[in-house]
Amino acid sequence: MATKEKLDLEAQLPVRAGQSSSPRPPGVDSEYQVSGWTKVYYLAIYFLCNISLTIYNKLILGKFAYPWTLTALHAGSASIGCYVLLMRGHFTLSKLTFQQNTVLVFFSILFTVNIATSNVSLAMVSIPFHQIMRSTCPAFAVLIYRFRYKRVYHTDTYLSLIPVVLGVGLTTYGDYYFTTAGFILTLLGVILAVIKTVATNRIMTGALALSPLETLLRMSPLAFCQAAICAVLSGEITDFRAHHPEGPSRMMVFALLGNGLLAFFLNVSSFSTNKVAGALTMTVCGNIKQCLTVLLGIVLFGVKVGFLNGLGMLIAMAGAAWYSAVELRSKTGRK
């Protein structure tokens with residue numbers, strides 16, 4: 001009897017008919033084991049947290065020109081929040097080997113280096129150029145999955161990403177300016193951001209299989225220490241003291257505490273959504289977030305946009321809807 005090949009649609013690994021699909025790489029199709037409504041629920045909470053933090057920063061926190069200090073605040077808030085949940089029994093810690101702990105240390109360093117690269121590159125390129133470069137994250141996610149994990153997506157998935165990327169490019173269209181060093185650093189920042197997103201997913205769905213809360217708890221203290229050191233070395237703490245010799249006002253303290261709380265909810269939502277929806281979907285969500293941010297600016301703050309910007313939002317949203325339909329159809333095909 002001739003042997004007939006079938007195809008694992010998630011990882012696109014050849015599997016012989018009649019051959020057991022086990023053992024399979026851990027987490028190879030974890031996002032396709034989750035119902036569509038569950039994904040919608042997680043994605044809705046993620047967007048709600050994301051947009052809430054954006055509005056909060058704009059209306060209450062204002063221009064807090066200390067990015068490393070703010071990053072340390074977010075990581076510290078995540079550490080405290082997760083530790084409280086651990087003490088209340090919402091999750092337990094796994095027993096990890098030295099090698100596995102080393103992986104998490106490098107993951108936290110990746111997180112910090114990604115922020116540093118983005119901060120430095122922003123001084124060398126215009127914001128529209130930075131945004132259009134970030135819109136290419138889905139393309140790099142596909143490349144990483146293709147060459148690192150040998151995953152091949154359906155043709156419709158590739159096609160649906162085109163309007164998602166091009167739409168954001170039109171949405172953020174503006175005065176493009178960049179230096180050679182700025183272009184290289186921005187491109188590096190995009191690649192590092194995608195690697196971080198994929199690595200986060202693999203930590204939660206791969207061999208380690210940590211829960212989102214445990215991943216966040218193990219990573220956040222390390223990220224806090226690194227960001228705090230960067231805040232000191234970059235002169236942010238000295239500059240803050242110079243501008244606030246009597247210390248932060250009560251209003252600023254409450255504003256920062258609120259920011260940290262919202263950031264904690266966003267981090268938990270982001271890690272949880274990454275696990276159930278997948279890294280590629282998270283990069284698509286990042287693009288849609290850019291469009292929603294512009295839309296919020298129009299509705300809430302009276303920001304003026306041109307015809308091309310509005311057209312870009314429509315194209316990106318249509319691309320996201322197409323991508324969602326393709327993913328839902330792919331999930332159905334895997335049952």
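In which helix is G310 found? In this predicted model, G310 belongs to helix 12, which covers residues 307–334. Buried or exposed does not quite settle its state. G310 is partly exposed, because its relative accessible area of 23% falls between the 20% limit for buried and the 50% limit for exposed. V294 is 16 residues away from G310 along the chain. The C-alpha atoms of the two residues are separated by 9.3 Å.

The protein contains twelve helices and two strands. Along the sequence, the two strands precede the helices, in the pattern β-β-α-α-α-α-α-α-α-α-α-α-α-α. The protein has 335 residues, and 44% of them count as buried. Its exposed surface is about 17800 Å². Carbon and sulfur atoms supply 69% of that area. Contacts were also considered by sequence separation. Among those between residues at least 6 apart, 85% join residues at least 24 apart.

The largest nonpolar core has 30 residues. Within this core, L161, L280 and V284 have the most contacts. Several helices each supply at least two of its residues, among them helix 1 (36–61), helix 6 (155–171), helix 7 (180–205) and helix 10 (250–277). Helix 4 (127–134), helix 5 (137–148) and helix 12 are also included in that group. Helix 11 gives the most, with six residues. L161 touches L280 and V284. Its other contacts, leaving aside residues up to four places away in sequence, are P138, V142 and Y323. A second core is separate and has 25 residues. L86, F91, L208 and L217 are included in this second core.

Helix 11 spans residues 279–301, a run of 23 residues. From its first C-alpha to its last, helix 11 reaches 32 Å. This is close to the 33 Å expected at 1.5 Å a residue. G302 follows helix 11. The phi of G302 is positive, near 65°.

T112 lies in helix 3, which runs over residues 98–122. The relative accessibility of T112 is 8%, so this residue counts as buried; the cut-off is under 20%. Beyond residues up to four places away in sequence, T112 touches W68, A223, Q226 and C230.

Technical notes: Residues are numbered from 1 along each chain as its sequence is written. This is a predicted model: local features need pLDDT of at least 70, side-chain atom pairs count only at pLDDT 80 or more; totals for chains, interfaces and linings use all residues. Side-chain values use heavy atoms; hydrogens and water are left out. Helices (H or I, at least four residues) and strands (E, at least two) are DSSP runs, numbered from the N terminus. Buried means under 20% relative accessible area, exposed over 50%, partly exposed in between (1.4 Å probe, protein chains only). Contact means heavy atoms within 4.5 Å. Accessible areas come from the Shrake-Rupley method with a 1.4 Å probe; for residues, only the protein chains shown count as cover. The expected span of a helix is 1.5 Å times one less than its number of residues. A nonpolar core is a set of buried Ala, Val, Leu, Ile, Met, Phe, Trp, Tyr and Cys residues joined through side-chain atoms within 4.5 Å.
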